[in-house]
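Trainee: Got a minute to walk me through this one? I'd like to know what I'm looking at before I set anything up.
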Amino acid sequence: MKRRDFMKFPAFGMTLALTGYSCAEELNEDVQETDIQWKGRTQIFNMHDFQAPPCLPLRVGYIGLGNRGYASLRRLAQMEGVEIRAIADCYEYPIRRAQEYLKELGLPPAAEYFASKETWKDLCARDDLDLIYVTTPPYCHAEMAVHAMLAGKHTAVEVPAAQTLADCLRLVDTSEKTRKHCLILENCIYDFFESMTIQMAQKGFFGEIIHGEGAYCHCGGTGNVARSKPMPPLSPEASPYYQHRLKLIKGNAYPTHGFGPVAKAMRILAGDRIDYLSSVETNDFVMGKTFGEMAEKTGDPYFRQFAGKTYGGGNSSIMRTVSGKTICLGYHTCVGRPYSRVHLLSGTDAFAQKYPVPQISIGNDKPVSDEKMKELEQEFTPELHRHIGELAREFGGHGGMDFIEDWRYVNCLQNGLAPDMDVYDSALWSSLTPLSYWSVTHRSNSIDVPDFTCGAWKTNAPVDLSLRNSGKNTGMRTVKKS
Ligand SMILES: NC(=O)c1ccc[n+]([C@@H]2O[C@H](COP(=O)([O-])OP(=O)(O)OC[C@H]3O[C@@H](n4cnc5c(N)ncnc54)[C@H](O)[C@@H]3O)[C@@H](O)[C@H]2O)c1
């Protein structure tokens, strides 16, 4: 990017690069330049199904120990064959909290880096790490992931993995050049219903899935605005400032939770790919107004800094695949509505939808009975979930899916197996934000969706949630409860 996008928050004396672009020209430039690059690009090395040498023990570093980083560290610290060697944050409090937890488990302290916003680079430079978790706010992700891979480490990056198309391409380029994994931490793939439907799709239960829908919807409005205020002990760099919370941009600001599971079920990048996308968006009917009202009511400079700004609204994108299928993706967090990721798969033989209640129908418009649903669960729950599902529910983390995700990545890397999500997923799923942003600002004109695989999608294999090639060998340490 030629320019960076910085928003000033004088009330807190801080400057944050929150969104990928500061102006329409920058977005247009990114779209044009990336379009030329990916169309003329040849794959350097196919990272799909790449089996890196096994890492046992798996030596892990964390950058960002807020909500997600700390929760993940707690899970990984309890897995056998994992060593938490180093941790970085730009504040000391999250470091102390993490060290305290390691101590509780009777584990050695991790090397710590918190002197500045740049000290995470020292963590990357260590020669005793195999995997670096990037669990900082989204505007940091691409830079940190690229840096980690160039320093010779696999990286697991929270969602979204990048905010601009150029950065999506940079992730792909770096991963292929370094042969280091760049894994997006898209936990929703592993939620129980989603995983079951992915398994059903692999086994042909739906016939041909011709249409899918996903979304990220939950209550917004004033709640959303109020939640945006950092509460102690959160740092000013904490993620409540995310673009998707504040909806500072137009387009789908948080696409991966809704898109990832549908993409895996519909074999996107493993037999099919998205050809083009078109996106519409409502005006902002809530955010700007509510910030203004709250600023007036409370006199709080925190709210005043956001008042009078232009925000995005509810977003709906439609996509068509090269094999003639469609996907709808929604993003609706600016007004109050029940939580939903939709997760709808419509096939020639059967149909599934998760929200508001999980239902499946087979060849007609009636959901199957509860009894039949149980039978289907018996038949199609993936082996991965059979193996660690119960433990995952006990550990929790969005009902257990966070644990399954962490366990799966650890297990794959320990055994030298290819993880379920690769750098192409990371890039494509994250690219939906800038692509939808562009479409919205161009009267919903369609835009070509980059083929980050350079044609390898035609032969890349679909995700396999069985444990066919994997050891079930990642156990849990005896946990020393506090
Ligand atoms: N997969 C999910 O279900 C899910 C849920 C929530 C958030 N997320 C994603 O996870 C990421 C982290 O979210 P969170 O809720 O943990 O945020 P958070 O604000 O709680 O934590 C982020 C941490 O990063 C630290 N940080 C910021 N800049 C840094 C720098 N330069 N160097 C070192 N540390 C730095 C902050 O101090 C903070 O401790 C976000 O990208 C978000 O989109 C994913």
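Mentor: Sure, start with α15: 14 of its 15 residues are buried, so this helix is largely enclosed by the rest of the structure. Buried means 20 or more other C-beta atoms within 10 Å of a residue's own; 12 or fewer is exposed, in between is partly exposed, and the C-beta atoms are placed from the backbone. Helices (H or I, at least four residues) and strands (E, at least two) are DSSP runs, numbered from the N terminus.

Trainee: Experimental or predicted, and how are residues numbered?
Mentor: It's a predicted model, where local features need pLDDT of at least 70, side-chain atom pairs count only at pLDDT 80 or more, and totals for chains, interfaces and linings use all residues. Residues are numbered from 1 along each chain as its sequence is written.

Trainee: Back to α15, what span should it have, and what does it have?
Mentor: It covers residues 401-415 and should span 21 Å, because the expected span is 1.5 Å times one less than the number of residues. Its end C-alpha atoms are 21 Å apart, which agrees.

Trainee: And what follows α15?
Mentor: Gly416, with a positive phi near 65 degrees.

Trainee: Switching to the sheet: what's the strand order?
Mentor: β15-β14-β13-β9-β12-β11-β10-β16, an open sheet of eight strands with mixed pairing. β15 (359-362) and β16 (447-448) stand at the edges with a single partner strand each, so one side of each has no neighbour in the sheet.

Trainee: How does β10 pair with β16?
Mentor: In the antiparallel sense, over two bridges; two is also the minimum DSSP has to find for strands to count as paired. Leu277 has Ile447 in β16 as its bridge partner.

Trainee: Which strands does α16 touch?
Mentor: α16 packs on the sheet against β10, β11, β12 and β16. Its direction makes about 55 degrees with that of β10, using axes fitted to C-alpha atoms, for helices over the stretch in contact, with angles from 0 to 180 degrees between N-to-C directions. Touching means C-beta atoms, placed from the backbone, within 7 Å.

Trainee: Any odd backbone spots? Where are the cis peptide bonds?
Mentor: One joins Leu56 and Pro57, omega about 0 degrees, and another runs from Val159 to Pro160, omega near -15 degrees.

Trainee: What about Val342 and Arg443, buried or exposed?
Mentor: Val342 counts as buried, with 20 C-beta neighbours inside 10 Å, while Arg443 has 8 and counts as exposed. Both have positive phi without being glycine: near 60 degrees for Val342 and about 50 degrees for Arg443.

Methods
Contact = placed C-beta atoms within 7 Å.
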